[in-house]
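This report covers contacts between two chains and a number of local features. The sequence and the structure come first.

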Amino acid sequence: MGLQENIREKGVLGAAAAQADDVFTRLTAGIDAGEFRRMLQGEPPGRPNPRLKPHSEGFLLHIKPTYYHESVTRFTHTYRLGLLSTYLFIVETITGILLMIWYAPSPERAYTDMILLLTNIPFGQFLRDMHRLGAEAMVAIVTLHMVRCYLTGSYKPPRQFTWFTGVLLLVMTLFLSFSGYLLPWDQLAFWAVTIGTSMAEAVPPAVVGETVNLLARGAPDIGANGLLRFYLLHVLFLPLLLILFFFVHYYKVVHFGISLPADEEEVGEDTANRVPADKRVYYLPDVLVDETSFMTVMTALLIVLTVFFFQAPLEHIANPQSTPLHTVAPWYFYWLQGLLKIADKFIAGVLLPGVLLVLLMAIPYLDYNPSRRGKDRKVAIVAGIVAGVVMIIWSWMGTPEYAVEGAPSVEIVQDVMPEEGSGISREIGYKHLPLGVWRTDEVYDVHDHEFEELLHEFNIAVDYYRRADPDFNAPIGILTITQDQPGLKKLNWEITWFDAEGTAGEYKKTFWLHEDSLYWEQYGWKHLFLGYVADGWNSLSGALVGE
Amino acid sequence: MHRLYTRSPIAKIMWGILSSLVGIIVLLMVLVSENPRMEAQTLNWEGRSIENGAKLFADNCATCHGPNGQGLLGRAPGLNSYYFFTETGRIKDVGWVGTLEDYVLLTIAAGRPSKTESQWPEVMPTWDGKFGGPMRGDQVVDLTAYVMNWEASALAQTPDEDPFQPFDDVILPAEFQNTAYLLLSEEEQAAALEEYRARNIRSPQEIWQSEACFACHNLEVNQVDYAGQNGPNFADLHERADSRVAGMTAEEYVYESIVSPRAFVVETYEEVGQMPENFAEKLSEDEIQALVAWLLDPDREVTEEE
């Protein structure tokens, strides 16, 4: 109907209202204003259901089912872990693209760009912290999603292939997270990735392993080429691959429906797609409201965690000439590092992870038990719990706690002032380190509580290794603090001891600490909750009260 | 149908609104704290750069420049030194027009084209990998930050504390080659120099040699064609000086040309314009008067060294 005709018939206001309703209907891909109001008021849809239209007409909703079974919409059935994984991937994409603006993947610039991001870009640290937190959370959530599906037996027919693509997505998430690890180009990044890629070298025959390693690193050692390759993997190749498999995975999820709680259907049956009319929960509006509010809560949670509780680490710039003491993999690869300590590179780094991965993918094809009910799956559930415990033990073995004790003297200094990270000496900071010579075999009357604590820790560490190591007798720790430059103190750690035969030993390590250095979580608002208010960080409170 | 849905959509919407508010408030908190945070972070990373530099200095530089940067005579000059940091000190003596920081950075990175005949026979090596040294660029930057961090303590040094280790090419007379002179105000320095010149009047011949006038000007007739590339020949100065500028005597003209060389430039030398403009400061009044008289003397003796 033409506009003029419309006005003649309904008057100007009437025609405008009709026009507005028309625009509204187009924007919502089929829901008119009246239907929208009825949705808000909680009234049932008319027949035929006009709320199905956006699913068939709109692009965004065409991948969502029009209704779910009531049982699977309960929060405690899925915990929304799949949705949360997808959501985190979107968060990672957005923060990642923003971070790319200030980042150049070259060894000359990468680390400087990190510092520039932290010092000169408003919200730069926030973006970086959120990207890092989101990445680690995504690994955790994807894993939990898999655990949930295992425990509810959701991998059973007809969802075997959904599980298979899910395992692939987990592997991609791990690789995505790990490939981002190198980009800051600090010691943490460089050595974690050096160790990671060196595992590829163990793939037999030697020529294959070497070639794989060479392809990943771009050279025998990680350098400009390796950084560029990891960058491209991280920002382009792996995300695209993950998106492809995500859609395969999600298509299967929608196609078969989310599996019902096991005791709601007969053993061996799958009724997820045969939802009785009175059990249907339509996507519009109920599930949409649920998912939107869930993601909003998660966004707020992520912001709060990022601002108050989480800080992405940045160690010294990558130095191929010096391996820091106690190099660790990211926590989700601790289990692999633990395995590498007890077996050789090929078995622990290639064979076992490979077998585990194949086993994981093959679970739906190996588990012939048709029942998804817990009481029928005792073996599977016990096996799952055992596997989880073994993973945790392997992970613990991957931490420096297990089997990487250095010499006692080295460990003592590492305890109180590690090569990377803060340690108590840097936590208490410049102002709480009085000049002088401080020995563990003497008692001092210091009035500085923080420094007292440092001396106490130093004593404890020396004492611990004295008792633990028969080759470490009558040890004395001497800390000498001198003023090296204006605003720069020099901390000289000296340990002397006698071994079992009575030969004297000596170890010295020197560090410097600048008065403006903030080594702990003393950035932004984090100090509010993480405890320590550094003297150098009064500027924030000063700025807030208007000083 | 919504009956089946156990939890109220209104409660969910309220959760959503509440979360949005929390998120927005927290982001606003970050916004107001961003400037002080960035300032603290800037200082933090400058501090860490100095810490890195301290280790590099102790490992690589302290053997020659001393553990406290006070230098070792015969090996390497002091850096933790008033002379090194003051504007009229090292960078003026080497003729560096940039900042001291740039000078330090460049010297560490590319070494120093030192005169091996000076009192510092050891040549500063190159350190940056770009110039064949063992360090990366960021290490050179850290090291520079560490050296520059001596500024406050160096500038607070008394003449006794300052190691004062200049190179041989310092222009100042030997008795002023010390920190005490550098600590004087500009007027005091000028007065001290004036007093020194009054005590040490040089003959015109000595000035001709020591100020290197001969490098551009010539005194002999038979070299008219050869000389004069950079400055006019003075063999016939006494003949033409009084007719050069109307209203000026020969003495006035030559005097003016020495103290402000750009005042009257002989036509063919306009393009050159290299005559230094600081002779009024470097020469005492008596020396200039004597030089003018000597230049205008038709019977002057020419030294043989030319």
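Which side chain meets A:Lys156 in a salt bridge? The partner is A:Asp367, with N and O 3.3 Å apart. The model is a predicted one, and every value in this report is computed from it. The pair links distant parts of the chain, as the two residues are 211 residues apart. A:Lys156 is in the loop between α8 (124–151) and α9 (160–181) of chain A, while A:Asp367 is in the loop between α15 (345–366) and α16 (378–398) of chain A. Over all chains, the count of salt bridges comes to 27.

**Around the loop between α15 and α16**

A:Asn369 is also found in the loop between α15 and α16 of chain A. Neighbours within four places in sequence aside, A:Asn369 is in contact with A:Lys156, A:Asp376 and A:Arg377. A polar atom of the A:Asn369 side chain lies 2.9 Å from the backbone nitrogen of A:Ser371. A:Arg377 in turn lies over the face of A:Tyr150, at 5.6 Å from the ring centre.

**Backbone geometry in chain A**

Most residues other than glycine have a negative phi, and most peptide bonds are trans. The loop between α8 and α9 of chain A, which holds A:Lys156, also holds A:Pro158. The peptide bond from A:Pro157 to A:Pro158 is cis. A cis peptide bond also joins A:Arg47 and A:Pro48, and A:Pro48 is placed in the loop between α2 (33–40) and α3 (53–57) of chain A. A:Ala29, in the loop between α1 (3–27) and α2 of chain A, has a positive phi although it is not a glycine. The angles are listed below.

| Residue or bond | Feature | Angle |
|---|---|---|
| A:Arg47 to A:Pro48 | cis peptide bond | omega about -5° |
| A:Pro157 to A:Pro158 | cis peptide bond | omega near 10° |
| A:Ala29 | positive phi | phi about 55° |

**The interface of chain B and chain A**

How many residues of each chain are in contact with the other? The contact involves 46 residues of chain B and 57 residues of chain A. Between them the two chains bury about 4,600 Å², and carbon and sulfur atoms account for 65% of it. One salt bridge is counted between chain B and chain A. It is formed by A:Asp290 and B:Lys12, whose closest N and O atoms are 2.6 Å apart. There are 16 residue pairs in polar contact between the chains, both residues being at pLDDT 80 or more.

On the side of chain B that touches chain A, at least two residues each come from α1 (9–65), α5 (137–148) and α6 (151–155) of chain B. The most is given by α1(B), with 34 residues. By class, this side of chain B has 24 nonpolar, 14 polar and eight charged residues.

**Aromatic residues**

Over all chains the structure holds 36 aromatic pairs. One aromatic cluster is formed by A:Phe178, A:Tyr181, A:Trp331, A:Tyr332 and A:Phe333. Elsewhere, the charged end of A:Lys489 sits over the ring of A:Tyr430, 4.3 Å from its centre.

In chain B, B:Tyr196 has its place in helix α8 (residues 186–199). Not counting residues up to four places away in sequence, B:Tyr196 touches B:Pro173, B:Glu175 and B:Phe176. B:Tyr196 and B:Thr158 are 38 residues apart in sequence, and their C-alpha atoms are 23 Å apart in space.

Conventions: Residues are numbered from 1 along each chain as its sequence is written. Chains are lettered from A and ligands numbered from 1 in the order in which they are written. This is a predicted model: local features need pLDDT of at least 70, side-chain atom pairs count only at pLDDT 80 or more; totals for chains, interfaces and linings use all residues. Side-chain values use heavy atoms; hydrogens and water are left out. Contact means heavy atoms within 4.5 Å. Buried area is the accessible area (1.4 Å probe) that two parts lose on being put together, summed over both. A salt bridge is a side-chain nitrogen of Lys or Arg within 4 Å of a carboxyl oxygen of Asp or Glu. A polar contact is a pair of N or O atoms within 3.5 Å; within protein, one must be able to donate a hydrogen and the other to accept it, and residues adjacent in sequence count only if both atoms are side-chain atoms. Helices (H or I, at least four residues) and strands (E, at least two) are DSSP runs, numbered from the N terminus. Ala, Val, Leu, Ile, Met, Phe, Trp, Tyr, Cys and Pro count as nonpolar, Asp, Glu, Lys and Arg as charged, and the others, Gly among them, as polar. Rings of Phe, Tyr and Trp (its six-membered ring) pair if their centres lie within 6.5 Å; planes under 30 degrees apart count as stacked, over 60 as edge-to-face and the rest as tilted. A charge sits over a ring if NZ of Lys or CZ of Arg is within 6 Å of the ring centre and within 35 degrees of the ring normal.
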